Amino acid sequence: MSATPGHASLPGFDSEKLAIQRITKDFCTIKALESPTVEHVLENIAGFDITHFSCHGSVDPEDPSNSHLLLQKEGPSGPVVDELTVSQISKRNTSGRTWIAYLSACSTAGVETKLLADECLHLASGFQVAGFAHVIGSLWQANDHICVLLAESFYRCLTEFGTKRSNRAVAEALRTAVLEIRSESPDPELWAPFIHSGA
């Protein structure tokens, strides 16, 4: 979502969406949800092989199960934030029909509480518990422009490496995309937060 109530805009949202649509149009059916609510996402999430979020993410340092993606819903005086939490996602059973959750948002694979530093309770793990075979996430704040470039490269590589739900293709696509970003932007703060979790 390019605009989230009470948060900075994400100017790369439209570029990211258009790039993904252009690259994947012959690879899969696309259903773009412009300003989805949590309810709408939870109702639709099991119906697609790939789910891509481009929005803000937030880590709850006290209770990681409340870490969330910031979606939106209508409030009494206009749009308000609707939080899609780790707890909500992990309770959703996709029955193994889902392949990739791509979380183009900040800190979706990060844990900030020292008491749980050796645990992996975060948004990315919540999507795995829900049944996604692969999750792309970030360990810390991600640069909006870099997110656009990474998503474009990832989906281009994914379609080149294999379109038959190849597990190796997902990991190789992210690795190739990160190496491309690294060659252009050597600062690790920009390219290093992105990780792949899965089989």
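# Notebook: helices, strands and a few single residues

**Entry 1, H68.** I began with H68, whose place is in strand β3, residues 68-75. I note here that the model is a predicted one. Is H68 buried or exposed? With a relative accessible area of 9%, H68 is buried, because buried means under 20%. I then looked for a polar partner of its side chain, and found that a polar atom of the H68 side chain lies 2.9 Å from the backbone oxygen of N66. Leaving aside residues up to four places away in sequence, I listed what H68 touches: H56, G57, S58, E83, L84, T85 and L123.

**Entry 2, L123.** From that list I followed L123, which is found in helix α4, residues 123-130. Its relative accessibility is 2%, and L123 therefore counts as buried. Once residues up to four places away in sequence are set aside, L123 touches S67, H68, L69, L84, T85, V86, L103 and T108. I also looked up a distance from C-alpha to C-alpha, and L123 and G137, which are 14 residues apart in sequence, are 8.2 Å apart in space.

**Entry 3, helix α4 as a whole.** How many of the eight residues of α4 are buried? I found six of the eight, and the helix is mostly covered. The buried residues are L123, A124, S125, G126, F127 and A130. I next asked which elements these buried residues pack against. They pack against the strands β1 (50-54), β3, β4 (78-85), β5 (100-104) and β6 (134-138), and also against helix α3 (86-90). Just after α4 comes G131, and I wrote down that G131 takes a positive phi of about 120°.

**Entry 4, S107.** A positive phi turned up again at S107, where the value is near 55° and the residue is one other than glycine. I noted this because most residues other than glycine have a negative phi. S107 is found in the loop between β5 and α4. With a relative accessible area of 12%, S107 is buried.

**Entry 5, α1 beside α5.** I turned to helix α1, residues 13-24, and its packing with α5, where the axes are 9 Å apart and the angle is about 10°. How do the two helices lie, roughly parallel or roughly antiparallel? Angles under 35 degrees count as roughly parallel, and α1 and α5 are therefore roughly parallel to each other. On the α1 side the contact is made by S15, E16, A19, I20, R22, I23 and T24, and on the α5 side by C147, V148, A151, E152, Y155, R156 and T159. Sorted by class, the residues of this contact divide into seven nonpolar, three polar and four charged.

**Entry 6, S54 and E16.** E16 of α1 came up once more when I looked at S54, whose side chain makes a polar contact with the side chain of E16 at 3.4 Å. S54 is found in strand β1, and at a relative accessible area of 12% S54 is buried.

**Entry 7, α5 against α6.** I then took α5 (residues 144-161) together with α6 (residues 167-184), and found that their axes come within 8 Å and cross at roughly 140°. The two helices are therefore oblique to each other, and their crossing is right-handed. In α5 the residues that meet α6 are I146, L149, L150, S153, F154, R156, C157, L158 and F161. In α6 their partners are A169, V170, E172, A173, L174, T176, A177, V178, E180 and I181. By class, this contact of α5 with α6 has 14 nonpolar, two polar and three charged residues.

**Entry 8, A173.** Within α6 I picked out A173. Its relative accessibility is 0%, and A173 therefore counts as buried. Which residues does A173 touch, when those up to four places away in sequence are not counted? I found F154, C157, L158 and F161. Measuring nothing myself, I also copied the computed distance to A3: the two C-alpha atoms are 28 Å apart in space, and the residues are 170 apart in sequence.

**Entry 9, E34.** Last I looked up E34, which lies in the loop between α1 and α2 (38-44). At 43% relative accessibility, E34 counts as partly exposed. From C-alpha to C-alpha, E34 and F53 are 11 Å apart, with their positions 19 residues apart in sequence as the separation.

How values were computed:
Residues numbered from 1 in each chain as written. Predicted model: local features only at pLDDT ≥ 70, side-chain atom pairs only at ≥ 80, totals over all residues. Heavy atoms only, no water. Axes fitted to C-alpha atoms, helices over the stretch in contact; angles between N-to-C directions. Helix = DSSP H or I, 4+ residues; strand = E, 2+ residues; numbered from the N terminus. Parallel < 35°, antiparallel > 145°, perpendicular 65-115°, else oblique. Left-handed = near helix turned anticlockwise from the far one by under 90°. Contact = heavy atoms within 4.5 Å. Nonpolar A, V, L, I, M, F, W, Y, C, P; charged D, E, K, R; others polar. Buried < 20%, exposed > 50% of the residue type's maximum accessible area, 1.4 Å probe, protein only. Polar contact = N/O pair within 3.5 Å; in protein donor to acceptor, adjacent residues only side chain to side chain.
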